[in-house]
Amino acid sequence: KALLGKHGAQVWYYEHKTRAYSKRMAEMKAAMPKCFAAIELHYDGYAPRPAASGHHFQYRGAKELAAAIRDEFQRRYPQSSARRDNGIMKNMDKNGAGFLRNARGWACLVEPFFITNPAEKAFFAARHAELAEVYCIGLARFAYLKG
């Protein structure tokens, strides 16, 4: 929150304690402030193959937002390979779709690495400020495109 705020982002933090997904999404939507754009941060874990690697950025209606963040991420970390769809993934019903559907502005779900991958976890452990910059630069480019 502090790292993104340093770059001018207004950060809203939501932590749920509700197990029922539909109720949790309703609570999140009611609590979420209206905004130009929203990003949900995910760091995948993959138990069947802990060494899985790569990134992707999910969207529902904001493909340009996902692409702007992906482009900055790939510029900054060229060694990272996209997991699928060149790093851009339309999400209508997978994990995170509730956030993308209920966001009160343009929305993107960012998944820059697998936290179960020891090499990726170590590489990004000290790069939280860089990742915050990636998200802010991507948002700024998207805002410029939208005028």
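Which element of the chain has the lowest mean pLDDT, and which the highest? In this predicted model, helix H1, covering residues 2-6, has the lowest mean value among the elements, at 76, whereas helix H3 has the highest, at 96. For the chain, the mean pLDDT is 87, and 100% of the residues reach 70 or more.

The pairing of the strands is described next. Strand E4 (106-111) pairs with two strands, E1 and E2. With strand E1, which spans residues 37-41, E4 forms 5 bridges in the parallel sense; in E4, Cys108 is the residue that stands opposite Ile39. With strand E2 (56-59), by contrast, E4 runs antiparallel, and 3 bridges join the two. Here His56 is placed opposite Glu111 of E4. Strand E2 is also joined to strand E3, residues 88-90, by 3 bridges, and these two strands run parallel. Across this pairing, Gln58 stands opposite Met89 in E3. The connection from E2 to E3 passes through H3, forming a β-α-β crossover that is right-handed.

Both E2 and E4 are covered to a considerable extent. In E2, the side to which His56 and Gln58 point is opposite to that of Phe57 and Tyr59, yet all four residues are buried. In E4, 5 of the 6 residues are buried.

The nonpolar interior was examined in turn. In soluble globular proteins, nonpolar side chains tend to be buried together. The largest nonpolar core of the model comprises 22 residues. Phe57, Ile69, Phe73, Cys108, Leu131 and Tyr135 are the residues with the most contacts inside this core. At least two core residues come from each of strand E2, helix H3 (63-76), strand E4 and helix H6 (128-146). A second core, separate from the largest, has 9 residues, including Phe99, Leu100, Ala103 and Leu109.

The surroundings of Phe57 illustrate how these elements meet. Leaving aside residues up to four places away in sequence, Phe57 touches Ala66, Ile69, Arg70 and Phe73, among others. Its contacts also include Gly87, Ile88 and Met89, as well as Cys108, Leu109, Val110 and Glu111. Leu109 thus appears both among the contacts of Phe57 and in the second core, while Cys108 is a contact of Phe57 and stands opposite Ile39 in the pairing of E1 with E4.

Helix H2, formed by residues 21-31, has a buried and an exposed side. Arg24, Met25 and Met28 are the buried residues named in this helix. Viewed down the helix axis, the buried residues of H2 fall within an arc of 100°, and therefore they line one face of the helix. An α-helix has 3.6 residues a turn, so residues three or four places apart point the same way. The buried residues of H2 pack against helix H4 (97-102). On the other side of H2, Ser22 and Ala30 are exposed.

The loop between H3 and E3 contains two residues with positive phi values that are not glycines. Asp85, located in this loop, has a phi of about 50°. Asn86, also found in the loop, has a phi near 55°. With a relative accessible area of 54%, Asn86 is exposed.

Technical notes. Residues numbered from 1 in each chain as written. Predicted model: local features only at pLDDT ≥ 70, side-chain atom pairs only at ≥ 80, totals over all residues. Heavy atoms only, no water. Core = buried A, V, L, I, M, F, W, Y, C linked by side-chain atoms within 4.5 Å. Buried < 20%, exposed > 50% of the residue type's maximum accessible area, 1.4 Å probe, protein only. Contact = heavy atoms within 4.5 Å. Pairing = 2+ DSSP bridges. Right-handed = clockwise from strand over helix to strand, strands pointing away. Arc of directions from axis to C-beta. pLDDT = per-residue confidence, 0-100.
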